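Q: Please take a close look at one ligand in this model, going through the residues around it, its polar contacts and its buried area.

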Amino acid sequence: MPGAQDLRPVYLVTGCAGFIGSHLSERLVRDGNLVVGVDCLTDHYPRRMKEENLKWLRGQGNFTFLEEDLTSCRLGSVPARELVIFHLAARPGVRDSWGGTFEDYVRDNILATQRLLEWAKDRKVEKFVYVSSSSVYGDAGELPSKEDGNPKPISPYGVTKLAAESLCYAYWRNFGIPVVVLRYFTVYGPRQRPDMAFYRFIRAILEDEEVEVYGDGTQTRDFTYVGDVVEATVRATELPDGEIFNVGSGSRISIKRAIEILEGLMGRKARVRYSDAMKGDIGDTYADISKIRRFLDYNPKGLEEGLAEEIEWLRGSG
Ligand code: NAD
Ligand code: UGA
């Protein structure tokens, strides 16, 4: 933990052991910031993957790891000075959010956010960046999705992410916490979660197993490279308070076409098996990114380049 005489702001990253949070923490640490990462290493995917994500960070003098559950919010050891908060901790995943697991979604997405906001309202917060999701849009609106539409999530996960956005808005209006909401669109790249499409597809192709496509593969996604998401998130401190911004690539592609691209990059044919479409899955996602581009120089990368990195990572990670 930094000493009392050090007056630089502290960057608090929740969900720092996860896919995106670990990339974001690394970037902030490399830039020379003091970073405190919080994560309780939930078991919705193997803990060893999260430990692996933390490996480099744990060796850095300007990084402190707090293994804490945000619903208890034992953050007393975070230095009492200016804070920039990036709140990524959550129970992610659309298709798994039905039935009994909903309780975990409510706890990790809504309750954890409320506890963190309560804690933050008594501190000096320069910016509170809440990471939300394209899943809040649901299927109803026009494409590409704009931030000012009326979100209508069609999955329990999307409902919890929207509820947490609303909590952030309420704490901004009532307590002045300088909140910015970012809606990420299906993020991919090295360290992707093992439940996500590209992780599963690349693994299956490498191991000559069947690639399972939910539905007929004509659904489209705005896939966003993790490095672009990190860039936009770091720079979200420059965005106006109380506003919502899409963070996507601004393009979309069908799952079928994405598999063809993987085949080309990997030099192997995929053995595709089609199964039933999954409840809660949105037909198409597509971000209108003109709003964020009015404020930031945001230029997302092409899909092939980012996928090549994910393939490389999965080839190396056994
Ligand atoms: P992830 O599961 O890899 O990371 C989330 C981390 O939060 C995990 O390490 C988990 O242990 C931690 N966590 C969960 N509940 C916690 C709690 N109560 N206290 C402390 N830590 C807790 O997920 P990810 O894919 O990196 O997603 C990060 C964020 O981005 C999430 O908020 C997710 O909703 C959002 N998001 C992700 C995507 C995507 O495509 N991956 C797209 C849109 C939005
Ligand atoms: C992703 C993340 O998992 C969510 O946490 C996040 O909130 C959401 O993006 C978002 O953008 O808000 P999803 O779009 O379902 O959700 O991402 P993938 O798991 O990569 O799935 C993409 C598509 O591939 C979906 O249509 C899914 O049904 C399909 N898919 C996935 C398959 O056909 N087969 C699989 O094995 C996995």
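A: The description below goes from the surrounding shell to individual atom pairs and then to the buried surface. The model is a predicted one, in which local features need pLDDT of at least 70, side-chain atom pairs count only at pLDDT 80 or more, and totals for chains, interfaces and linings use all residues. Residues are numbered from 1 along each chain as its sequence is written, chains are lettered from A and ligands numbered from 1 in the order in which they are written, and side-chain values use heavy atoms, with hydrogens and water left out.

Ligand 2 is surrounded by 23 residues (each with a heavy atom within 4 Å of the ligand), and the closest of these are Ser133, Ser134, Tyr157, Arg200 and Asp281. By class, this shell comprises 11 nonpolar, 6 polar and 6 charged residues, where Tyr counts as nonpolar, Ser and Gly as polar, and Arg and Asp as charged. Helix H5 (197-206) and strand E8 (210-214) each contribute at least two residues to the shell around ligand 2, helices being DSSP runs of H or I with at least four residues and strands runs of E with at least two, numbered from the N terminus.

Tyr157, one of the closest residues, also places a polar side-chain atom 2.6 Å from an oxygen atom of ligand 2, which is a polar contact, defined as a pair of N or O atoms within 3.5 Å. The backbone takes part as well: a polar backbone atom of Gly93 is 3.3 Å from an oxygen atom of ligand 2, and a backbone N or O atom of Ser135 lies 3.3 Å from an oxygen atom of the ligand. Taken alone, ligand 2 exposes 700 Å², of which the protein buries 96%, with accessible areas computed by the Shrake-Rupley method and a 1.4 Å probe.

Technical notes
A polar contact is a pair of N or O atoms within 3.5 Å; within protein, one must be able to donate a hydrogen and the other to accept it, and residues adjacent in sequence count only if both atoms are side-chain atoms.
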